[in-house]
Each structure stands twice: as C-alpha cells, then as structure tokens.
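Me: I'd like to go through this one by asking how each label is earned. Can you set the values against the rules for me?

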Protein chains: 2
Amino acid sequence: MEIICSQSALKDALNIVSRAVPSRPTHPILANVLMVVTGDKVTLTGFDLSLGITTTFDAQVMEEGKITLPAKLFSDIINKSPEGDIAIEFEDEEDNPMVEIKSSSGKFNLRGVVADEYPELPEVEKENSFELPALPLAEGLKGTLFASSTDEGKQVLTGIHIKAKDNILEFASTDGHRLAVVKPNLEEQEVTEFQLTIPNKPLREVLSILGTEAVTINYADNQLLFAVGNTRIFSRSLDGTYPNYHQLIPNNFERTFVTNRKEFIEAVERMSVFTDQKNTMIKCSIFKQQIVISADAKELGNAKATVKAETTGDPLDIGFNIKYLLEGLKVMSSNEVKFSLNSATQPVIATPLSGQQMTYLIMPVNIRE
Amino acid sequence: MEIICSQSALKDALNIVSRAVPSRPTHPILANVLMVVTGDKVTLTGFDLSLGITTTFDAQVMEEGKITLPAKLFSDIINKSPEGDIAIEFEDEEDNPMVEIKSSSGKFNLRGVVADEYPELPEVEKENSFELPALPLAEGLKGTLFASSTDEGKQVLTGIHIKAKDNILEFASTDGHRLAVVKPNLEEQEVTEFQLTIPNKPLREVLSILGTEAVTINYADNQLLFAVGNTRIFSRSLDGTYPNYHQLIPNNFERTFVTNRKEFIEAVERMSVFTDQKNTMIKCSIFKQQIVISADAKELGNAKATVKAETTGDPLDIGFNIKYLLEGLKVMSSNEVKFSLNSATQPVIATPLSGQQMTYLIMPVNIRE
C-alpha cells in the first residue's frame, strides 16, 4: 500500500470512526481501525461488534492495499502532524508490517496488523430504505436522546422510538421516570411511513456528524445502516414492543404555571448546592403568581429561591428529581415553559411555549417529611 | 454576626483561601473556612496545619462576630449567586448556628461550626522582615517551581532556594535529576541580603496571586509569612542545608548546539506518541547543523524528526527524559536555546539566549540498546 492524503481529511475521518472503537476491546484487533485503499479512495472503519462506523475520503493512491492500525496511536500521530500532505506506505508481503507515516515534520513507523483478522461489518439489504431530512432529524434527536435509558439491561428503553405516519414525524424516549415526545417541523417535506426503535448510541453518532444533507436509513431483520454523507453507521435495531406512551400523557389538568424557562433553570441549578447522588429532590411550592423552589439537606443546610409565574389552580407542593427536571428544560429553546399538573403524585407535563413541538412528562418524587 | 458584602469580593477571597483547605482533612474542622468580622473588615482563613492563607476585604458590618463554614458548600453557594450584594447573618447565641446567606436570587441556610474549634495560625515575629519586588519574584518562581521535588520525603528538595547577596537575587530548585537556576533582572531595585529554602506549595500560592506590588516576607525560627496585598500566606520553612548546586554546573563543554526553542519543543512533543510512563526516553542525535530527535517503542513502532541547529564539536547520541526536557524548555521565553554538552553521561546545560538569565541542568539518561 502506498498513498498520499491530506492530514485534515485523515484526522477528521479518524475522529469519526474512533468513536466506534471500544475503550476496552473484547478482542485486541477491535482496538485497531481498518484502513482499506481502493481506486482513489481510503475507507476507515471502527467497530465494537454492535456499533460500526465507516467513512471514506479521497487520496492519491500509488498502490492499493489494506491494514489495521492501533486507533489511539494512529490518531495521536495524525493529530500531532502538521497540516499538509501525509504519506502512508508499507510492504504488502510482510505479515504484521511496520507502516511508515511521513509528514513534513518527521517520520513515524507504526506496527500494523493484517486486515484479514478484522471482523466484517454485516451487510444490510437495501429493501427497506428511506430518507429523513437533516433538520427535523436533528430536532427530534436533540429533544429525545437525553431521556432514553443508559442501562443496557433496559432493552427497548435504551432506544428512541421514531414513527412517521400521515406525514407526521414523531420521536419518543423514556427511561421509566420521564418521557420526551417531539414532533419536528417538517416544513412540507414528505416522509415515508415507518416505525422503528433505534439504540441511542448510533443515533448520538448520527447527530454528531449530521450536516444539512438528508440521511438514508436501510433496515433489514434487526440491522440498520445510516448513510450520512461519506459516513456509514451500522447498528442493530432493538427488539420488543415500545411502550404505548401516548396513554401515559394526561389530558386534563387541575393546575398550570407558565414561567421564564432560563430563570427557572438558574433557580433550580442554585439548589444543586444541597443535592447530591443520595438527595436528588427539589421541591416546587406553587403559590399565586410565584413558585418557591427549595432544597433541604437537613443538618447541612437548605436553600430557597422564588420565581415569578402565571399560575392557575390551587397552591401545591411537589417534588422533582433535579436532574430529570433540568435535562428536559435545557433541550427546549423557548423563552417560556408551561407546566401542567394535577396532584403531587401524578405525572407533570412541561411544554415549551414556542420553538419545538415537545411534550416532556416527568414523574414527581415523594416529598420526604 | 451580620454583614452585607459584594458577591465578587467574597467569591475572590473564598477562591484564594480555599487553596489551603485540605481535600482530605485530618480533622473535620479543617474542611471549613474561618470567617472573622471586625471593624469594617471580613477576614477569611484556610489552613491545612502546614499551609495557611488569610485574606481580608471590606464589608458593611452591622454586627461583628466569627464562625466557620464548610469551604466547599460555602464556595458553591457564593459562586452560584448573582453579582451584587450578599447578606450573611446568624444568631451569636447558638452553638453551631444555621448561617443565613441571602442574595437577590434567593436564600441559603448553611450550618456553621463555632470558631473556637478552629486552630490558630502561628504568629510570625516581624524581626526578620524584607521586601521582594513583584516582577523579579515572579520571574524567579516561574523559572524554578517546576523543577522542585513533589515527593514530601525529599525534604529540602521540595523547596526553592532563594538567596540575595551583593544585590544579586538567585532562585534555585532541584529534584536530583535536574537543576534550574534563575537570576531575575532587578532593574536597579535594591534587595536585602538573605538566604532561605521555602517549600514550593506556599510559593505556588504566592505566584498565583502576585500582582505588581512588592511582597513582604517575615521569618522567625522555621516559620514564614508572606504578605501579598490583602492576603497573608503562612508556611513553615525547610530545615537542612540546601545542596551546593553551583559545583554541579560544568564550566567547560566539548559540544554545543543552538536551535529554535519552539520548533525543538514541537519536535520533541511529537515523539510523545511513543513515550509513556515506562518508556520516558527520547534520543537526540547531534550531527553537523542538525539534530535528529527519535523515540523507540520497540514492537509498537518508532518516530523520528529533524530540526536545524548551529552545532560545534563532534556528533553525539544522547538520551533525555522527555518530561524533564520539555518542562525546562517551556518556562523559557527566548526564541533560541543553547545546549552545552560533554558526553552522553555528563550533565547537559540548556540556557535561553535572551529573556531570562537561566541555567537549566539536566542529567542525560542511558540510551538502551
């Protein structure tokens, strides 16, 4: 193999595929990236056996070939190299050859491992293929990824449920304590009907490289392939039925309050002095035209802040998990947020008054006496 | 106690004294800061029994008093409070009272511990007192702190040796592997004659708050007190004789090279891909008018870079600890650095060709075959 490529193209490609290289590989070869040179293209691949990322860029190719290289060392070398041309070559005859990496600043030799040992990414048939426009996809992911479960044991709850029907696109996620539902603005773009639950991990990668170009999704059996520009992200889809979340959202409310989202967030964040991993609760006391937010760490101390609000209904004390409350409010983009409540033990709905069409359901926590 | 003070003055003061609050206190009260209100002044103190920092700022005092508060929670509360006035008060009658901290954004109650339990900082008599101008002090500390030992067992080597004689000020530090000597430019300012070895810890704090004002140093027995503006830093001085380091610096050299300091640093930093905690060595091969820098991680790979240099003497291969080499070069401010060498086993001297008057001695490491 012998190529000359641009340092920045190689650096960007390595950054993208490295996100699928496991930090604790189950097999040593998975700590490497696969580099395949054919035609005038270089393709890099990272794969942890569940998430796979492949990306392609142009290079000046003198001799085709393939090899795997330790992802971390390879990235370190390229990140530390100056902008400009990088020449990479090795003798194909050797078994695990030293790969020469040359730039204007010096020469590195890095031990490679033959590509034959690297596992192949599963093929995903192109039968079921559809496109999603970039902006609605970004809006849906930003509004739901945070509320999906990170506990691998929770199966279907580690995914985002995406559904397109009657040209309405809907994203939903829940970890059992809260539920986020977003209906992105399609701005008259047409979307194919489908329904899928996709793990949050590959979706985070899709979001991180998403530009303005539409994303193509192929799925077959329980496998998925996202095409985002020159990058392909492979993942398994999630088995099992997604909870019927619409029935969790109450229709009638005894109380509401509307408040400035940013001021409310700041007041809640100040309470975090007295919350920790054991004590996660803050209390909202809803009065006429104001909300008193408080946290109590018993012997250590306590905190209290007041924000103005437009309220309806009777006064109420209600407890929230501070993390769940903040995460939901922070993905909203509106100036004002509306809370709709019944009692201190029933689900609460927070909706932004402008910007996204989003419903954030959060279960209150019991106020300890 | 009852005061009103500015959030920013209190925040700055807490940041300064918190650096003397131990993260793992030997006694619970040491995790607190002491707050003493007298006249129209508030004085905060942090003390880990070896390093003590005290700082004073103005406040509107309605009632004098003193209390200790948990340093971390107190800092969190003040850092999260908006700019403007902060009111602090508690009832002096109570034993460990709840201290009320109020700002425009809300109210905190924080449990205090009576000040009587807080250890007193030792008094340092003012007999031996002298001033050091700020700029030369900063220059001397920046050029030597990095080379002092962080191993508490190494006693006197954890200090900086500072000497003033015949109106020449000299700072020296060594950890046994390298030696840094700096003679700051006094610009005709007069300094009192003295000689002291001072632990690096309080000196780092002095450097971090140093402005343009001169620093007053009082010392008596083995105790030291630095006065920097409104802040006082207390420390013990180090017993034992400081090594006679001047005799370690060779006078004659068989070889020299002068090279661009920044390019040399960049080339050495690139080698760090193949160095780690076990393999700390880089090799410099001195040829006519160029230095080839290399690192070898055996099976993993190797790296090589060339920098231009003006050389005298015969070619030589010499090994350096990459960390020691980089740390010394990085505190210099000159465009060019001169290396003076004899053999691959004798001390090497690096000196900046402009800027500071600094001598950096570094012991080579054996080149493994």
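Reply: Sure, starting with a pair across the two chains: Phe108(A) stands opposite Ala303(B) in β21(B). This is a predicted model, where local features need pLDDT of at least 70 and side-chain atom pairs count only at pLDDT 80 or more, while totals for chains, interfaces and linings use all residues. Residues are numbered from 1 along each chain as its sequence is written, chains are lettered from A and ligands numbered from 1 in the order in which they are written, and side-chain values use heavy atoms, with hydrogens and water left out.

Me: What makes β9(A) and β21 of chain B a pair of strands?

Reply: Two strands pair if DSSP finds at least two bridges between them. β9(A) and β21 (residues 301-308) of chain B have four bridges, in the antiparallel sense, so they pass that rule. The strands themselves are DSSP runs (E, at least two residues), and helices are runs of H or I with at least four residues, numbered from the N terminus.

Me: How many residues are in contact between chain A and chain B?

Reply: 27 residues of chain A are in contact with 26 of chain B, contact being heavy atoms within 4.5 Å. The area buried between the chains is about 2300 Å², with carbon and sulfur atoms giving 57%. That area is the accessible area (1.4 Å probe) that two parts lose on being put together, summed over both. In chain A, Lys80(A), Arg270(A) and Val273(A) lose the most, together 26% of what that side buries.

Me: Why are Glu299(A) and Arg111(B) called a salt bridge?

Reply: The rule wants a side-chain nitrogen of Lys or Arg within 4 Å of a carboxyl oxygen of Asp or Glu. Glu299(A) and Arg111(B) meet at 3.3 Å, N to O, so the label holds. Across this interface the rule finds two salt bridges.

Me: Why is Ser237(A) called buried?

Reply: Its relative accessible area is 14%, and buried means under 20%, exposed over 50% and partly exposed in between (1.4 Å probe, protein chains only). So Ser237(A) is buried. Ser237(A) sits in the loop between β17 (231-236) and β18 (255-260) of chain A. Leaving aside residues up to four places away in sequence, Ser237(A) touches Thr197(A), Pro199(A), Asp221(A), Asn222(A), Gln223(A) and Leu224(A).

Me: And why does Lys323(B) get "partly exposed"?

Reply: Lys323(B) comes out at 46%, which falls between the two cut-offs, so "partly exposed" is the right call. Lys323(B) is in helix α6 (residues 322-330) of chain B, where Ile322(B), Tyr324(B), Leu325(B), Leu326(B), Gly328(B) and Leu329(B) are buried. Elements covering those buried residues include β13 (178-182) and α5 (261-271) of chain B.

Me: What makes the link from Asn321(B) to Lys323(B) a polar contact?

Reply: A polar contact is a pair of N or O atoms within 3.5 Å; within protein, one must be able to donate a hydrogen and the other to accept it, and residues adjacent in sequence count only if both atoms are side-chain atoms. At the start of α6(B), a side-chain oxygen of Asn321(B) reaches to within 2.8 Å of the backbone nitrogen of Lys323(B), so the distance fits the cut-off.

Me: How do you know that β1 and β7(B) pair?

Reply: Five bridges join β1 (residues 2-6) of chain B to β7(B), running antiparallel, so the minimum is met. Ser6(B) stands opposite Asp85(B) there. On the β8(B) side, three bridges join β7(B) to β8 (residues 98-103), again antiparallel, with Glu100(B) as the bridge partner of Glu89(B).
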